[in-house]
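Reader: Could you pick one part of this model and take me through it closely, residue by residue? I would be glad if you then carried on from there to whatever else helps to build a picture.

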Amino acid sequence: MRRLLLDLTPLKVSVPYRRLWIGISLSGIGTHLTTVAVGLQVYDLTGSTFRVGLVGLFALAPLVALGLYGGAIVDAYDRRRVVVVSSSGLLAVAAGFAVQAWLDLGNVWLLYALVAVQNGFFAVNSPARTAIIPRLLPGPLLPAANALGSMSMSFGLTIGPLLAGVLIDSVGYGWTYSIEAVLLTFALTTLLALPPMPPQGTVRRAGLRSVLEGLSYLRTRPNVRMTFLVDLCAMVLAMPRVLFPAVAAAVLGGGPTTVGILVAGMAVGAFLAGLFSGPLGHVRRQGLAVVVAIIAWALAVIAFGLVLLVVTGPEDGVVHWALWPAAFCMVLAGAADTVSAVFRMTILQAATPDELRGRLQGVFIVVVAGGPRLGDLVLGSLAELSGEAWAAVIGGIACIAIVSALAVTQRRFLRYDARHPEP
């Protein structure tokens with residue numbers, strides 16, 4: 001049984017990694033807390049769902065624009081310094097959220113500006129944190145470290161929104177944002193204790209040339225490139241979250257509560273996959289594992305669509321029995337996505353030279369941020385033509401078909417051996 005559970009070895013053998021992980025965990029809770037709080041505050045101020053939707057646009061734009069350049073900064077400077085400076089920026093933004101709430105400024109454009117600045121700092125902070133990990137741990141421990149990171153992320157995704165709801169209802173926005181600032185302060189103290197990590201190898205000045213060098217490396221390294229391509233297939237063709245509101249209203253019943261259950265299902269699956277991730281550290285054919293995990297994701301989405309197809313719709317607003325099998329499909333999807341993410345991140349870290357890790361992690365941020373947004377557009381459009389259930393089924397089938405075709409044409413990726421990582 002112990003072999004099945006999360007491998008805590010990285011936390012035991014490396015004090016710097018343990019500090020980094022604690023900092024990431026605390027900041028993750030704070031980030032998701034603020035995400036929910038900002039959306040609720042914008043709605044309270046405007047009463048407009050569209051204005052709430054603009055929060056995502058103001059978050060996405062700096063992530064995509066600065067993701068690549070942020071990775072170049074990571075490769076050009078001491079990574080500890082980059083993490084500390086960008087984390088200090090995130091703390092300053094958290095203080096800004098708290099101040100505007102305490103002063104009751106009620107300015108939605110100030111909230112949009114703070115969200116944009118926050119995500120600009122995150123576009124630098126996230127690649128730096130991830131690129132640090134291979135400097136703190138040996139290669140065989142990277143899958144366990146990434147499973148721990150995934151566990152931390154799913155925990156923050158679960159606790160942050162819950163904490164936000166409780167705090168806003170009980171003590172208001174001022175205290176809610178202030179608590180995030182406290183969490184980020186503690187996170188910053190753990191990061192200050194990291195050792196210096198000056199750049200290694202050939203150091204390029206951060207700029208367009210450096211960014212293009214990273215993209216050129218990605219173009220000529222099929223194994224690393226495949227980790228991005230297959231993830232894009234999963235997120236663009238088979239990300240079902242855009243279907244949840246309509247499914248809740250027209251098929252399963254329960255409204256926002258039903259949407260929350262479906263979203264929570266994916267988080268629960270991610271948490272369980274992290275909890276029982278012990279065997280992942282022993283997998284050698286990590287490329288094959290990525291392909292299998294993404295096909296499993298797509299199969300879970302197809303199963304979700306098939307559940308919806310057998311449902312005639314709720315009666316008088318009563319939650320339909322099919323909610324629970326549909327939520328179980330999302331649990332399976334969340335678990336498969338976590339397994340895929342663990343191995344994709346491990347391949348990216350192990351097969352990329354240290355002097356390029358920041359830039360490749362920047363590309364990773366762009367893919368992770370942009371892929372699901374494109375997926376919302378693709379499945380949302382497909383749902384308009386065929387209905388939500390068929391959109392999930394067709395998207396899942398398309399994902400399996402394209403990922404399988406990529407695997408057939410990139411057999412080297414299927415043979416990728418963790419003991420001899422090749423980009």
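Author: Happily, and a word on names comes before anything else: a helix here is a DSSP run of H or I with at least four residues, a strand is a run of E with at least two, and the elements are numbered from the N terminus. Please also keep in mind that this is a predicted model.

The part I would pick is helix α12 and its surroundings. V307 has its place in helix α12, and L306 lies in helix α12 as well. Are these two buried or exposed? V307 has a relative accessible area of 15%, so it counts as buried, since the cut-off for that word is under 20%. L306 has a relative accessible area of 43%, so it is described as partly exposed, the class between the buried limit and the exposed one, which is over 50%. V307 also has a partner further along the chain: A322 is 15 residues away in sequence, and the two C-alpha atoms are separated by 6.8 Å.

L306 leads us out to the surface. There it forms a nonpolar patch with L309, V310, W321, W390 and I394, and together these residues have about 610 Å² of accessible area. Which helices supply at least two residues each to this patch? They are α12, residues 286-309, and α15, residues 388-409.

From that surface, let us turn to a pair of charged side chains. R344 and D231 meet in a salt bridge, at 3.3 Å from N to O. The two are 113 residues apart, with R344 in helix α13 (residues 323-351) and D231 in helix α9 (residues 222-238), so the pair links distant parts of the chain. Both partners are covered: R344 counts as buried because its relative accessibility is 6%, and D231 counts as buried because its value is 4%. In the model as a whole, the count comes to one salt bridge.

Next, a helix pair. In general, two packed helices are described by the angle between their axes and the distance between the axes. For α2 (residues 15-46) and α6 (residues 142-170), the axes come within 7 Å and cross at roughly 35°. The crossing is right-handed. Sorted by class, their contact has 19 nonpolar residues, seven polar ones and no charged ones. Helix α2 is also the place of V38, which is buried because its relative accessible area is 2%. V38 and V55 are 17 residues apart in sequence, and from C-alpha to C-alpha they are 8.0 Å apart in space.

Helix α5 offers another covered position. P127 has its place in helix α5, and its relative accessible area is 0%, so it is buried. Between the C-alpha atoms of P127 and A72 the separation is 9.5 Å, with their positions 55 residues apart along the chain.

Finally, two loops. D104 is in the loop between α4 (79-102) and α5 (108-136). What is there to note about its backbone? The phi of D104 is near 55°, a positive value in a residue other than glycine. D104 is exposed, because its relative accessible area is 66%. The other loop runs between α7 (173-192) and α8 (208-219), and P199 is found there. P199 counts as partly exposed because its relative accessibility is 29%. Its contact across the sequence is worth finding on your screen: the C-alpha atoms of P199 and Y77 are separated by 5.9 Å, although the residues are 122 apart along the chain.

How values were computed: Residues are numbered from 1 along each chain as its sequence is written. This is a predicted model: local features need pLDDT of at least 70, side-chain atom pairs count only at pLDDT 80 or more; totals for chains, interfaces and linings use all residues. Side-chain values use heavy atoms; hydrogens and water are left out. Axes are lines fitted to C-alpha atoms, for helices over the stretch in contact, and angles run from 0 to 180 degrees between N-to-C directions. A crossing is left-handed if the near helix is turned anticlockwise from the far one by less than a right angle, and right-handed if clockwise. Ala, Val, Leu, Ile, Met, Phe, Trp, Tyr, Cys and Pro count as nonpolar, Asp, Glu, Lys and Arg as charged, and the others, Gly among them, as polar. Patches are made of residues with over 30% relative accessible area and no salt bridge: like charges are joined within 9 Å, nonpolar side chains (Val, Leu, Ile, Met, Phe, Trp, Tyr) within 5 Å. Accessible areas come from the Shrake-Rupley method with a 1.4 Å probe; for residues, only the protein chains shown count as cover. A salt bridge is a side-chain nitrogen of Lys or Arg within 4 Å of a carboxyl oxygen of Asp or Glu. Buried means under 20% relative accessible area, exposed over 50%, partly exposed in between (1.4 Å probe, protein chains only).
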